[in-house]
Amino acid sequence: MDVFRQLKPYFWPEKKLFFGAILCLAMATALGLVYPNLLRYLIDNVIAKKQFELVPKLALIVVVVVSTKGIFQFLHGLCGGRLGNRVAYHLRNALYNKLQYLSFQYYDQARTGDLMSRLTADLEAIRQFIGFGFAQLLNVVLMLVFGMGMMFSINWKLALLTMITMPFLAFTAVRFEGKIHPAFRMVRQSLSTMTTAVQENITGVRTVKSFAREPHEVTKFSARNEDYKAMNIETSGIWAKYFPIMEILANLSVVTLLGAGGYMVIQSTITLGELVACFSLIWYIIGPMWGLGFHINNFTQTKASGEKILEILHQYMHVKDQQDAIALNNNEVQGHVRFDHVTFAYPEKQPALYDFTLDAQPGSVIGLLGSTGSGKTTVISLLMRAYNVKEGKLELDGKDIRSLQLETYRNQIATVFQETFLFSSTIRNNIAYGRKDVTMEEIIRAATLSKAHSFIMELPEGYDTVVGERGLGLSGGQKQRIAIARALLKDPKILVLDDATSAVDMETEHEIQAGFGEVMKGRTTFIIAHRISSLKHADEIIVLDKGRIVQRGVHQDLLQQEGLYRQTYLIQYADQPPKSAAETQAAAAKETNSETLLDTQLHAAAQERRLAH
Ligand SMILES: Nc1ncnc2c1ncn2[C@@H]1O[C@H](COP(=O)(O)OP(=O)(O)OP(=O)(O)O)[C@@H](O)[C@H]1O
């Protein structure tokens, strides 16, 4: 019941409907009790006493009772339907809301298929139970109480005899509940594992096909399907074992009633009408007992579903606003970012970043270079406050970012991720995603700067072209350019380019960077890149290796030093393994000579920034 107590905030606001549904069902049940009494009256007072003139009156009473019962059943359906759907609506909103604010740490481990099954199948189970199941369960109790009460009032001895098997029935039902609940939980878990497999397969269909791994996927799915089947068979095994026992026990009480009741009628201890009334009432007791299995099953399933939904709703939010969080004013933010001896480890892992220190002045450009897994993206994740910094400090304009309001803080940052995600909507909406009020001119300007405008105009419907799920139908470079336009349009104080130009050719990268030169003015920019060409104009380049800063400085200085930067440079520009500083200088000279006009412009902009600082 704890699950339902915790779900109370979602159904309690609809308590009028909740009680309305219960009351209407109780009324319909109570009216049902009129039949056995009518039967008794018909046999004992009308047929036995030959008062046939009472038949039309009795018939009229039946019509009135049936109609009133029908009205109450209709009202029960109406209230239950509304109640279930409203509760599901509140819960769906709460779940979606929670999912929006759950931290990156949660999503690092969450499985989409599992989340989807909680949002659909589990929510549906709750909708059904709160709307109808709960009232029906209560109704079972009412039927038992009313039915037994009436039987005892007719003849307590006969009632007592008939009830002999009922404790065994109740015992079996409780045992059944104890077995079926864990079994249902396993079924649900197995279903969500299977759903995850399907969802991952659909998302990764290109990878599957390119590796010709269809048979492997089929086998993988079959194993999960097998598991789901086994769980269901096990559950139905429990059902098959207990249900007949309950049925036999229930029918034994009918036999007892007819045997003992018949004897009593012969002995004239009770009238025939009373026996017929009891025979009719026993179904009032057996009916709910038979249905007990179904109701218990429904109840336990809903409990399991409720647990899964509550698990999301109670999920700890690792990153959230402090009580007195400071709201940032867009016009006052400078963009001064400071990492102060930050050491960070992902849960249950070795640190991904050791003693990271950086002072990025407003408007400066910081380049991050390093081999894969060296911690570059981690720096950006911490900057975005995807994870909380526990060792060391991260400040924006001198304020610890943990003291800032998350929404207003993240509003200062626009990130172009390594993997571009586009929503299945128009290109226009995708570019405008980060902003509420935006004009078409602004969208076109951002797209022009990111070199996306010309290819967008070549599409049949231009900016109104609907891109498929995750941008299907566009090339990697095209998607990246749209993502860059989206970031530029946000007009952020801090711009993060996480390998943002990796999917475009060198020429386009140069062009985009020239655009950046313009938009980077006045913004603190972090560039992660594997290509030296993307970083060389940065005010400070930080070279990371296994989470530690191994080199830092400007391009020219780093070229003079032995180390990872020069090695990377030589591999990229001289197309040969690193040899000596003299050779590096020669290669640098060669590169300088071949610098394009755009490079010269960017170089000048960097110099200007340095002088300004
Ligand atoms: N969400 C995460 N959960 C756990 N560990 C992670 C997570 N993200 C990164 N790591 C680990 O942290 C280390 C640094 O990863 P990070 O993504 O910062 O490297 P990177 O330099 O950006 O690499 P790449 O150039 O390949 O993107 C790696 O060992 C990686 O396995």
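**Sheets and helices in a predicted model**

Biologist: Which residue stands opposite T343 in β4?

Modeller: In this predicted model, T343 stands opposite E391, a residue of β4. The pair belongs to the contact between β1 and β4, two strands that run antiparallel and are joined by five bridges.

Biologist: And how many bridges join β1 to β2?

Modeller: There are six bridges between β1, which covers residues 337-345, and β2, and these strands too run antiparallel. One residue pair to look at is V337 with A360, the latter being its bridge partner in β2. The two strands form a hairpin with five residues between them, and in that hairpin E348 has a positive phi near 55°.

Biologist: What is the strand order in that open sheet of four strands?

Modeller: The order is β2-β1-β4-β5, with antiparallel pairing. At the edges are β2, residues 351-360, and β5, residues 399-400, each of which pairs on one side only. Strand β4, residues 391-396, meets β5 in the antiparallel sense over two bridges, and L396 is found opposite K399 of β5.

Biologist: Switching to the open sheet of six strands: what is its order, and is the pairing mixed or uniform?

Modeller: The six strands follow the order β6-β7-β8-β3-β9-β10, and the pairing is mixed. Its edges are β6 (413-416) and β10 (548-553); each has a single partner strand, so one side of each has no neighbour in the sheet. From one strand to the next, the twist averages 15°.

Biologist: Do β6 and β7 run parallel or antiparallel?

Modeller: They run parallel, with four bridges joining β6 to β7, which spans residues 494-498. Within that pairing, A414 stands opposite L495 in β7.

Biologist: Which strands does α17 touch when it packs on the sheet?

Modeller: Helix α17 touches β6 and β7, and its direction makes about 175° with that of β6. Another helix, α12 (residues 376-383), lies across β3 (365-370), β6, β7, β8 (524-528) and β9 (540-545), and runs at about 150° to β8.

Biologist: Staying with α17, at what angle does α15 pack against it?

Modeller: The angle between α15, residues 440-449, and α17, residues 476-489, is about 125°, and their axes are 8 Å apart. That angle makes α15 oblique to α17. The crossing of α15 past α17 is right-handed.

Biologist: Which residues meet there?

Modeller: From α15 the residues are E442, I443, A446, A447 and L449, and they meet A485, L488 and L489 of α17. By residue class, that contact of α15 with α17 has seven nonpolar residues, no polar ones and one charged.

Biologist: Different topic now. Where does UniProt list "transmembrane region" residues?

Modeller: The UniProt entry, which is unreviewed, lists residues 17-38, 58-79, 129-152, 158-176, 248-266 and 272-293 under that name.

Biologist: How much of residues 17-38 is helix in the model?

Modeller: That span is 95% helix and 0% strand, and its end C-alpha atoms lie 32 Å apart.

Biologist: What about residues 248-266?

Modeller: Over residues 248-266 the chain is 100% helix and 0% strand, with 27 Å between the end C-alpha atoms.

Definitions and conventions
Residues numbered from 1 in each chain as written. Predicted model: local features only at pLDDT ≥ 70, side-chain atom pairs only at ≥ 80, totals over all residues. UniProt positions renumbered as here; feature names shortened; annotations may be inferred. Pairing = 2+ DSSP bridges. Axes fitted to C-alpha atoms, helices over the stretch in contact; angles between N-to-C directions. Parallel < 35°, antiparallel > 145°, perpendicular 65-115°, else oblique. Left-handed = near helix turned anticlockwise from the far one by under 90°. Contact = placed C-beta atoms within 7 Å. Nonpolar A, V, L, I, M, F, W, Y, C, P; charged D, E, K, R; others polar.
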